[in-house]
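I opened a new notebook page for this protein. My plan was to look up a few things and write down what I found.

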Amino acid sequence: MEAGHNSKPKLLIIDDEKQIRELLVDLLGGVYDCSDAGSAEEALTALSKQTFDLVISDIDMGGMSGLELVPRVHTLSPDTVVVMLSGNQDLEFAIRALRAGAFDYITKPIDLRHVEASVERALQHSQLLKEKRRYKEQIEELLQQRTAQVDRLAYYDTVTQLPNRALFEDRLTQAVAVAKASGQLLGVLFISLDQFKKVNDSLGHGPGDSLLREFAERLKSCISRTDTVARFGSDEFALLRMGIGGTTDVIETIGSLFQVLRFSFDLPGHELYATASVGVSLFPFDGEDSQTLLKNAGAALYRAKKSGGANYQFFTADMHELAAGRLALETNLRRAIQNEEFLIHYQPRVSVDSLAITGVEALVRWQHPQFGLVSPSEFIPLAEDTGLIVPIGEWVLRKACEQNRRWQEQGFAPIRIAVNISARQFHDQDLSQTVIRILHESGLAPHYLDLELTESSIMQNVEFAAEVLTRWKNMGINISIDDFGTGFSSLASLKRLPIDALKIDQSFVRDATTDQDDAAIVMAITTLAHNLRLKVVAEGVETEEQLRFLRLLRCDEIQGFLFSKPLPADMLVSLFDSVPKDTRVS
Ligand code: C2E
Ligand code: MG
Ligand code: MG
C-alpha cells in the first residue's frame, strides 16, 4: 500500500496536455514509478484503485479543476502529497493552490531542476506524514491497551485475579434475569476465610496474599465453568452457582470446599491450616434481585461466623433483624465505653448461719440514654463477641476495687468484693497485669478481692487456668466458680485448681424445695465441694423456705433477693456493720 524503503515511490501525473505528461514521465520515470492521467476524473478512478505517494496535477483542465481535485485526493488517501502545476505566473494562484491543500506548486514553462527538487521535498513530506500516522496508530493502540488494563483493574481483584465485587454483582444481575425467565434456581455463597486478619497481622502481607491466592485457586476447583468466584476484599469471597437443583447442590459445593481446606497451606516460611465460614442465599426464595441476595447471604455468613466459624448457614428471615439489631447495639456499646455510661450495683453475699455480710458482688449495668437501665445479660454476650468486654471489665474491676477501699476508709467492717470475669477476659494475656495494677492503684489488699469465673472459661484450657489461678492465689486473691452446675466441669478437674468457693447456679436453687432432682443436685454438689474443702454459695435465694433447706444442707453462704437485691453503693451501706475506729483498715 505504501512505498516501502526498497520499492520506488509512486507518482501520478495529471495534465490535459499530453506533451507535458510525457515530459514529466520522461524526467521522473527513471527514479519513480510513474502513472499518468489526462483529466481529474480519470485521475480519481486511478486513485480509487491504488495509492500514490505523490500527485502532480495541472490546475487548469477541462472538467474538474486541479484545485477541486486536491481535497478529493486527500479524502481518498490522506497521506498522498499533491503538487500543483500552473501555467499562470500569478502568485494568487499559487496561494489558492496551497489553501486547497497542495504542498507546493510548479510553474509552467517547466524548469526541470525545479521539478526534481520539488518532487523530492514532496516525497519527504509524504514520508513524514506516513510516520506520523504510524506513530499515532501506535499511541492509539497503547491507549487501548491501557484502557483495557484500567477496565481490568475496575473489575478484577489485583491479588487473586478473581472478578471483584462490581463484576460479581454484574454477573449476578444478569443471572437473576436469565433465571427469572427460565425458572432456574441460583445459589449465592458468601465465604469468609476464618482468622485471616490474624494471619495477616502476625505473618505480614506477603504470606497473607499467598494464602488468599492459594485459597482462590482451591475455591475455583470447587465450581463448574458457568459459575463465578469473586473476591470482595479482605477475607471475603463470593460464589455464584447457576442452575442448581436445590440446597443439596449447594451443600455439595460447600462440602468440596471444606474438603480442599483439609490440606495445609504452604506459605513462604509457614505452613498453616485454614477454615472458612459460608452464608447462603437462594434465588428466588431469599431475594429477587442481586442486592437482596447478597445482603441475605451476608446475614447468613454473619451467623456462621458467630457460631464459631468453619461452618455454613442458609439464610432465614430472622437473621436480618438479628444482624441489624446487633449492629446497632454494638455501635451503641462502643459509644457507651467512651461516655462511661456504665454503673455498678452491688449485691451482698451473706453467711447462712449468721446472715452477716461476707462480701458483695459487683454487677454492671448500662445506663442507656434512651433505653434506660440495660441488664448485663443483654449486653455482656455481645461485649464478649466483640472483645469490648475487655475494656468494660477493666472499668468494672477498677471501680469495684476503688469502692471497696473507700468503704474501708469510711470505717465499715472490711468485706470482699466479687468481680465477674468472663471467658474472653480470662484468656486476655494482659488480665493478670491489669489486676495487679488496679489493686496497686486502688490500694485494696488482694484478699479483699474475689474473682468469679465460669466453669467453661476454665475448661477451655485447664493448664492455662491452673497457671493463672495459682498466680492469683499466691497473691492472696480469692477465686469462685460462678453458675456452677451449668457447665461441664468435673469436680475431679477442679480439684487441681486453687479455688475457694463454688456458687451453685440459681436454676438449681430455685426449685430445690419443690423438685426432687434439683434438691439431690444441690445436696451432691455441697457434699462433694466440702470434701474438696471448698465453700458453697447458693445463688438466687428468694424465700425463707429455700434458706431453711440450704441451712439443712450445710451450705455456707447465700446471695439473693431474700436478703437484698443488687443496689447502688450508697444505698448498700445501711446494711453494713461499722467497726471500732482502732481496728479499721487504713
Ligand atoms: P451472676 O454473676 O451469676 O450474677 C448473679 C445474677 O443473679 C445477677 O444478675 C443478679 O442480679 C441475679 N440475682 C441475684 N439474686 C437473685 C435472686 O434472688 N433471684 C433472681 N431471679 N436473680 C437474682 P445480673 O445483675 O442481671 O447479672 C447477670 C449476669 O451478668 C451475671 O450473673 C454475670 O454473669 C454477668 N455480669 C454482671 N456484671 C458483670 C461484669 O461486670 N463482668 C462480667 N464479665 N459479667 C458480668
Ligand atoms: Mg457472678
Ligand atoms: Mg451466677
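**Entry 1: a buried glutamate.** I began with glutamate 361, in a model that is predicted. Is glutamate 361 buried or exposed? Its relative accessible area is 4%, and buried means under 20%, so glutamate 361 is buried. I then looked up glutamate 452, which has 1% relative accessibility and also counts as buried.

**Entry 2: the magnesium ion, ligand 2.** I asked which residues donate to the magnesium ion (ligand 2). The protein donors are Glu361 (OE), Asn420 (OD1), Glu452 (OE) and Asp482 (OD), and they lie 2.0 to 2.2 Å from the ion. I wrote their spacing in sequence as E-x58-N-x31-E-x29-D. Glutamate 361 is in strand 14 (residues 357–368) and glutamate 452 is in strand 17 (residues 449–454), so this pair ties together parts that are 91 residues apart in sequence.

**Entry 3: the magnesium ion, ligand 3.** I found a distance of 4.1 Å between the magnesium ion (ligand 3) and the magnesium ion (ligand 2). Aspartate 482 coordinates both. The donors of ligand 3 are Asp482 (OD), Asp483 (OD) and Glu539, listed twice through OE, at 2.0 to 2.6 Å. Their spacing in sequence is D-D-x55-E. Aspartate 483 sits in strand 18 (residues 478–484), while glutamate 539 is in the loop between strand 20 (535–538) and helix 21 (544–552). These two are 56 residues apart, and the pair links distant parts of the chain. I also checked their exposure: aspartate 483 is partly exposed at 27% relative accessible area, whereas glutamate 539 counts as buried at 7%.

**Entry 4: the whole protein.** I stepped back to the overall layout. The protein is divided into domain 1 (10–131), domain 2 (151–317) and domain 3 (344–578). How many Å separate the centres of domain 1 and domain 3? I noted 107 Å, taken over C-alpha atoms. The C-alpha atoms fill a box of roughly 140 × 60 × 50 Å along the principal axes. The radius of gyration is 45 Å, but a compact globule of 586 residues would have one near 25 Å. I counted in 22 helices and 21 strands for the secondary structure. Of the 586 residues, 47% count as buried. The accessible surface comes to about 29600 Å², and 51% of it belongs to carbon and sulfur atoms.

**Entry 5: helix 5.** I checked the span of helix 5 (residues 112–155). At 1.5 Å a residue, its 44 residues should span 64 Å, and its end C-alpha atoms are 64 Å apart, so the two agree. The buried residues in helix 5 include Val115, Ser118, Val119, Ala122, Leu123, Ser126 and Lys130. An α-helix has 3.6 residues a turn, so residues three or four places apart point the same way. I then asked what covers the buried residues of helix 5. The cover includes strand 1 (10–14), helix 1 (18–28), strand 3 (54–58), strand 4 (81–86) and strand 5 (104–107).

**Entry 6: valine 280.** My last look was at valine 280, in strand 11 (residues 276–283). Valine 280 is buried, with a relative accessible area of 0%. Leaving aside neighbours within four places in sequence, its contacts include Val188, Leu189, Val250, Ile254 and Phe314. Valine 280 and proline 369 are 89 residues apart in sequence, and their C-alpha atoms are 37 Å apart in space.

Definitions and conventions. Residues numbered from 1 in each chain as written. Chains lettered and ligands numbered in written order. Predicted model: local features only at pLDDT ≥ 70, side-chain atom pairs only at ≥ 80, totals over all residues. Heavy atoms only, no water. Donors = N, O, S within 2.8 Å, 3.2 Å for Na, K, Ca; no water. Helix = DSSP H or I, 4+ residues; strand = E, 2+ residues; numbered from the N terminus. Buried < 20%, exposed > 50% of the residue type's maximum accessible area, 1.4 Å probe, protein only. Domains from an automatic or database assignment. Rg over C-alpha atoms; globule rule 2.2 N^0.38 Å. Areas by Shrake-Rupley, 256 points an atom, 1.4 Å probe, with all protein chains shown as cover. Expected span 1.5 Å × (residues − 1). Contact = heavy atoms within 4.5 Å.
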